[in-house]
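Student: Please take one part of this model and examine it closely, then connect it with the other parts that can be described. I should like a formal account that keeps to what the coordinates support.

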Amino acid sequence: MHARAVAASTTALLGTAALLLPLSPARAAENSARPLVIAHRGASAYAPENTLAAVDRAAALGVDWVENDVQRTRDGELVVLHDDSLRRTTDVEEVFPGRAPWKVKDFTAAEIARLDAGSWFGSTYAGARVPTLEQFVHRVERHHQKLLLEIKNPQLYPGVEQQIVKVLDNEGWLDRRHARDRLIVQSFSADSVRTVHDLRPAVRTGFLGTPPVSDLPAYAAFTDQINPSYGSLSAGYVAAVHAFKGAHGKPLEVCTWTVNDAAAARRVAGSGVDGIITNRPDVVRDAVRG
């Protein structure tokens with residue numbers, strides 16, 4: 001994840017959403033359990049990010065939650081990749097040297113399937129591929145894990161929310177059990193989050209960012225989580241978020257990113273967050289076990 005500007009239409013959303021009454025301050029104190037640990041792009045400190053190997057590594061570490069990023073190819077396939085370019089995490093420059101700047105949207109799924117997405121990380125992972133969303137959720141399902149799915153760059157891929165929902169539905173991820181306990185869809189785009197909520201109200205959603213407290217009632221109308229970077233976090237802000245009910249009638253949650261060392265993990269856990277997104281889930285888990 002990288003911080004970025006919220007979609008321009010967020011202002012309009014905030015202007016039209018109905019205000020919600022805050023919960024009593026006592027409700028904020030209910031978040032006393034240890035936070036969830038979420039493997040960022042899989043266990044990405046130990047295996048190439050967003051690959052099936054990173055999912056496997058998270059499972060081997062005993063981590064239940066995996067986060068990923070979704071982009072779309074030129075021919076409309078959903079693939080799991082963080083950047084909108086293939087350059088950083090594949091050998092695309094070697095395989096397709098004349099096609100700079102190597103944007104995901106300019107390549108077909110078949111072309112992307114040819115790329116090595118593991119050698120950049122280490123020779124052990126040579127030949128790892130960029131997975132499709134279907135392949136990724138199959139692997140998460142195999143390990144009985146849970147998925148925090150980020151819609152990446154939705155402004156580049158009109159209609160991507162509908163397409164993601166369709167894939168998840170086809171793969172059995174929108175039944176009651178998954179929607180209630182095993183799936184959260186998030187984005188930096190408020191429009192994208194609200195679209196998912198409107199399409200499938202049963203699915204839990206998260207907004208990536210740190211909206212002003214005065215704007216939280218509007219976000220609470222269509223999201224269940226407010227997920228800020230840990231550098232922008234404070235205990236006061238977490239308590240303010242917890243004081244509002246989200247789209248499913250429960251207190252808004254806070255999952256913060258990207259925390260990779262024990263000291264930072266203990267600090268954000270002490271602020272009352274509900275989840276910690278990390279490249280090093282074993283380190284964070286050990287730090288917050290207390």
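**A buried glutamate, a covered strand and a cavity**

Tutor: Glu111 is buried in this predicted model, because its relative accessible area of 16% falls under the 20% cut-off. This residue belongs to helix H5, which spans residues 109–113. A polar atom of the Glu111 side chain lies 2.9 Å from the backbone nitrogen of Thr108. If residues up to four places away in sequence are set aside, Glu111 touches Phe96, Arg99 and Asp106.

Burial is also the theme of strand S2, which covers residues 65–72. How many of the residues of S2 are buried? The count is eight of eight, and the strand is accordingly described as mostly covered. Its side chains divide into two sets: Trp65, Glu67, Asp69 and Gln71 point one way, while Val66, Asn68, Val70 and Arg72 point the other way. Both sets are buried, Glu67, Asp69 and Arg72 included.

The pairing of S2 may be followed partner by partner. With strand S1, residues 36–39, S2 pairs in the parallel sense over two bridges; here Val66 of S2 stands opposite Ala39. Strand S4, residues 146–151, also runs parallel to S2, and six bridges join the two. Within that pairing, Asn68 stands opposite Leu149 in S4. Strand S3, residues 78–80, runs antiparallel to S2 and is joined to it by three bridges. In this case Val70 stands opposite Val80 in S3. S2 and S3 form a hairpin, with five residues between the two strands. One residue of the turn, Gly76, has a positive phi of about 90°.

Val80 leads from the strands to the enclosed space, since the residue that stands opposite Val70 is also among those lining the largest cavity. Rolling a probe the size of a water molecule over the atoms shows where empty space is left. In the whole structure, the search finds one cavity of 30 Å³ or more. The largest cavity has a volume of about 40 Å³. Which residues line the largest cavity? Its lining consists of Glu49, Asn50, Thr51, Val80, Leu81, Thr89, Ala117, Trp120 and Val130. Sorted by class, the lining holds five nonpolar residues, three polar residues and one charged residue.

Conventions:
Residues numbered from 1 in each chain as written. Predicted model: local features only at pLDDT ≥ 70, side-chain atom pairs only at ≥ 80, totals over all residues. Heavy atoms only, no water. 1 Å grid on protein atoms, 1.4 Å probe; cavity = no way out; pocket = protein on both sides within 12 Å on 5 of 7 lines; lining within 4 Å. Points joined across faces, edges and corners; volume = space filled by probe spheres on them. Nonpolar A, V, L, I, M, F, W, Y, C, P; charged D, E, K, R; others polar. Buried < 20%, exposed > 50% of the residue type's maximum accessible area, 1.4 Å probe, protein only. Helix = DSSP H or I, 4+ residues; strand = E, 2+ residues; numbered from the N terminus. Pairing = 2+ DSSP bridges. Polar contact = N/O pair within 3.5 Å; in protein donor to acceptor, adjacent residues only side chain to side chain. Contact = heavy atoms within 4.5 Å.
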